[in-house]
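User: I am new to this model. Please take me through its parts in short steps.

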Amino acid sequence: MPDTFTIRVNGTEHAVATDADRPLLDVLREDLALTGTKYGCGEGACRACTVLIDGEATQACITSIETAAGSEIETIEGLAASGQLHPVQQAFIDQAGMQCGYCVPGQIMTAVALLRSSPQATDEEIVAEMTGNLCRCCNYENILAAVQQAAGRAPDASAP
Ligand code: FES
Ligand code: FES
């Protein structure tokens, strides 16, 4: 027998009738049609599914709807405002931060969380925070350049 859970996603409240242990990722993609958040491994190991829950970068595939209920959830769909891309989104375009693009929503959400707490994050901070966001295209150099740009400095090709 499903329960009803209330989640706020990108500022809009949704009541979802489902099983308590259903992953937030499935609810976002299947019930709310927010397919920007990607399914990678489904077991917390790749961070393709990263969303922000109360501002924290979180893997939606291993977060149950019951755990997420009552929280503010932000997904990639909520970043652009008034027709303007978020600066991190723009930086990924400017620095060719995507190849196939599959990992990019998760990369961007992790970077957004980092830059909110550390707007001029150092290369060491960027690498430490984003090292768990896997990119099967191995586009790490350009991803780092994008986050460097979003952190307000010129991309440094010699950075770690
Ligand atoms: S799909 Fe969630 S961590 Fe891989
Ligand atoms: S751009 Fe293809 S997985 Fe990262």
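User: Does Leu-52 count as buried or exposed, and how many C-beta neighbours lie inside 10 Å?
Analyst: The model is predicted. Leu-52 sits in strand E3, residues 50-53. The cut-off for a buried residue is 20 or more other C-beta atoms within 10 Å. Leu-52 has 22 such neighbours, so Leu-52 counts as buried.

User: Which residues does Leu-52 touch, not counting those up to four places away in sequence?
Analyst: One contact can be placed by distance. Leu-52 and Glu-74 are 22 residues apart in sequence, yet their C-alpha atoms are 5.0 Å apart in space. With residues up to four places away left out, the contacts of Leu-52 are Ala-57, Thr-58, Ile-73, Glu-74, Met-109, Val-112 and Ala-113.

User: What is the order of the strands in the open sheet?
Analyst: The sheet has 5 strands, and their pairing is mixed. Neighbouring strands are turned against each other by 40° on average, direction ignored. The order is E2-E1-E5-E3-E4.

User: Which strands stand at the edges of that sheet?
Analyst: An edge strand here has a single partner strand, so one side of it is left without a neighbour in the sheet. In the order E2-E1-E5-E3-E4, look at the two ends. The edge strands are E2, residues 12-18, and E4.

User: In what sense do E1 and E2 pair, and over how many bridges?
Analyst: Two residue pairs help to trace this pairing. Thr-4 has Ala-17 in E2 as its bridge partner, and Ile-7 stands opposite His-14 in E2. E1, residues 3-9, pairs with E2 in the antiparallel sense over 7 bridges.

User: Which residue in the turn of the E1 and E2 hairpin has a positive phi?
Analyst: The hairpin leaves 2 residues between E1 and E2. One residue in that turn has a phi of about 50°, and that residue is Asn-10.

User: Is Asp-54 buried or exposed?
Analyst: Asp-54 lies in the loop between E3 and strand E4, residues 56-59. Its phi is near 50°, a positive value in a residue other than glycine. A residue with 12 or fewer C-beta neighbours within 10 Å is exposed. Asp-54 has 11, so Asp-54 counts as exposed.

User: Where is Ala-96, and what is its burial class?
Analyst: Ala-96 is in the loop between helix H3, residues 87-94, and H4. Phi of Ala-96 is near 50°, a positive value in a residue other than glycine. With 13 C-beta neighbours inside 10 Å, Ala-96 counts as partly exposed.

User: At what angle does H4 run to E3?
Analyst: H4 covers residues 104-117. This helix lies across E3 and E4. Its angle to E3 is about 35°.

User: How are H4 and H5 oriented to each other?
Analyst: H5 covers residues 123-130, and its axis comes within 10 Å of that of H4. The axes cross at roughly 130°, and the crossing is right-handed. The two helices are therefore oblique to each other.

User: How many nonpolar, polar and charged residues are in the contact of H4 with H5?
Analyst: From H4 come Gln-107, Thr-110, Ala-111 and Leu-114. From H5 come Glu-125, Ile-126, Glu-129 and Met-130. By class, the contact has 4 nonpolar, 2 polar and 2 charged residues.

Conventions: Residues numbered from 1 in each chain as written. Chains lettered and ligands numbered in written order. Predicted model: local features only at pLDDT ≥ 70, side-chain atom pairs only at ≥ 80, totals over all residues. Axes fitted to C-alpha atoms, helices over the stretch in contact; angles between N-to-C directions. Helix = DSSP H or I, 4+ residues; strand = E, 2+ residues; numbered from the N terminus. Parallel < 35°, antiparallel > 145°, perpendicular 65-115°, else oblique. Left-handed = near helix turned anticlockwise from the far one by under 90°. Contact = placed C-beta atoms within 7 Å. Nonpolar A, V, L, I, M, F, W, Y, C, P; charged D, E, K, R; others polar. Pairing = 2+ DSSP bridges.
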